[in-house]
Amino acid sequence: VSHGDFVRPSHQWAGEMVPGQADYQRLDVAQWKSVNVTDGNATYTPTGPVIIGGAGMSLTNASSRLQGGAQTALGGRVILGTGDNGFPVLSSIRTRTITWRLFDAPGMLFGDQSPNSMRDENYALPSYALQGQAPVPLGLAFSAAFLAGGGVTQLSIPRRYIHTGASISSISMQLRLTSRPTSVPAPNALPNFILTAFNAGATALQTINPDRYVGGNMGVWQLNHSYPLNSYVSPTNPNLNGYWFKATSISGTGTSSNTTEPVWPNIINNTVTDNPGANQIVWTCAGRIGMLFPPSSVDTFYNGGQPQTVTFDFDGTNTLDATAWKYVLLIGGLQPYIMIHSISMLFVYSVLSFE
Amino acid sequence: MTAFARLLADNQYVNGSIPPTIWANGVWFQTLDTNQSKAWNGDVGGTWTSAATLTMAGAGMWCCGPWQISGGGQLINPSSSGVRLTHGDNDYIVLQAGHAGATRTLETSFSLGRDISGSTARMVYSNTYDGLINYQIGGTFVSGARLALPIDVHNGATFSQVVFWFVIGSSHLPQSQPFFRVVKVDGSGNVTPLKSTGLTQAGGWVQLAAANAGAYFAGGVAQSFTYTLDGGVVVDTSAFSYFAEIVDEDGTSAAGGNVYITAVATMTSIPDMRPQ
């Protein structure tokens, strides 16, 4: 039945008639089975589905649930309306890691536009081509001729590796040393990278907090400099320790010391007070800076030729959009004995939209 | 008050007698009246604002008419419940006509393009623009530079246009300005141009047509050229790949230095949220 039966046909409800006990009983049963939508707070377990056709149903309460699941059928569709132009939302944030194995990266050269350098055979070679045999670790290795151009390369990340609409939490570069070097480079010459983004005409850059790219909002710590709250800095080169720092508290003018660089902590969330006193700054170790941690020895640097990871941590205030920006990695500190295998990006998202 | 209770037990309704509790006072009728006023009028519809959650378990509920979530309403799939919104009929979540998400642009960097000039490659990476630049080999211009770019598209969308971003390397006016086209290529390598009218040259080619050297160079800033496709080009990535193709400037007064930066494809009429 589509709804409750009549207690009796309408023509049997005559004037002056007295309902019988069966009428009362049926009325009682009918009211008992009906849905109390005014008070709610009830659970109904119908033996057959309650089918709402006609003009349908509208849910206007934010706490409606699919506790038992729901399914589309027979042409029924879930349609996202134009009222808020929204997409399905996830009740809690989700994370995902996308890894770009650089074996398929196009060869790109920074600072040298001679055609021969662009040609794959002279640029960054898949490792099997270098070694001529398999199996070998796959990755990009860099010829001495290429590195003579400065040891820096630039990789444009294909759009399919970017989760548009997500916040990037961290980005890591996996690499290894294919032979034991004779010395350890200075901290700023260790393998490192910076993520940046160009617009369509390459006339503007997206700020990716904290932004270490040229002109970005994270500079090298300066003597006697006034820093506003939430400023980002990296230590100066001799003091680079693999982390970046955020001004989480300032007093007075928030001016850094004019004589001494702080002794930077190397544990996330640890703090150091710069220029203690009325105008002090409290710097918090907030994330990895995207460079190999300064090794204590050549052997540590070499790591037995085993994979190593370089990571940059963002502060969670970014939203990536590969429909409007081209994401580019600037990689430095390259040497003939360094092979890069992959780039992994950790994304945080809460909306299911088009990536 | 929750679900309605029985007013009397069945055994109190006896043939030939009316239970005194019905006649003694108006409670039975009043309760019946109150309850029916609180009940759902499934035939006519209406608006109810339940004081507490209404839970439909058992065989569940089917909505065979339109089901709308409005007024800030949400349909929450409880965390860790294992419950799913299941799509039958091979369907997907649909975007209502006019939904902002039904139109989007997709940028593809020319750095991901390929030099298809032939035996003498000359398109090299430009770190300044993250694109490809026509390198002037040994200071001598070599004609015939050509490049192809596999462009990002949205499967199922209507592909309406591509905006090419580029920079002209120096102030001059070549005999032949750059040509642009957009094509689809099937699995057998067959090329189909996606524009058939307003062409400069057969095969879908449209040529830049700057009036003079100043307009052509534009002070060396990034310029854009819009290539509008035929109407009704629906992207089908199951059968085709899509490419932007450029033939760089050539002929008398031609020079190297042009940079092709980005192809921005416009996708419209995206029907649903099928996987890409």
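Which residues lie nearest the centre of the largest cavity? The legends below give the answer.

**View 1. Cavities in the predicted model.** Local features in this predicted model need pLDDT of at least 70, side-chain atom pairs count only at pLDDT 80 or more, and totals for chains, interfaces and linings use all residues. Residues are numbered from 1 along each chain as its sequence is written, chains are lettered from A and ligands numbered from 1 in the order written, and side-chain values use heavy atoms, without hydrogens and water. A cavity is a set of points, on a 1 Å grid over the protein atoms alone, where a 1.4 Å probe fits but cannot get out. The count is 2 cavities of 30 Å³ or more.

**View 2. The largest cavity.** It holds about 100 Å³ of space (the volume filled by probe spheres set on the points, which are joined across faces, edges and corners). Its lining has 14 residues (each with an atom within 4 Å of a point). Ile157(A), Arg159(A), Lys326(A), Glu107(B) and Ser109(B) lie nearest the centre. Two strands (DSSP E runs of at least two residues, numbered from the N terminus) give two or more residues each: β19 (326-332) of chain A and β7 (104-109) of chain B. The largest share, 3 residues, comes from β7(B).

**View 3. The second largest cavity.** This cavity holds about 50 Å³ of space. Its lining includes Phe193(A), Ile194(A), Leu195(A), Phe312(A) and Phe314(A). Asp211(A) and Arg212(A) also line the second largest cavity. Strand β12 (residues 192-198) of chain A gives the largest share, 3 residues.

Key
On a 1 Å grid over the protein atoms alone, a cavity is a set of points where a 1.4 Å probe fits but cannot get out, and a pocket is an open set with protein on both sides within 12 Å along at least five of seven lines; lining residues have an atom within 4 Å of a point. Helices (H or I, at least four residues) and strands (E, at least two) are DSSP runs, numbered from the N terminus.
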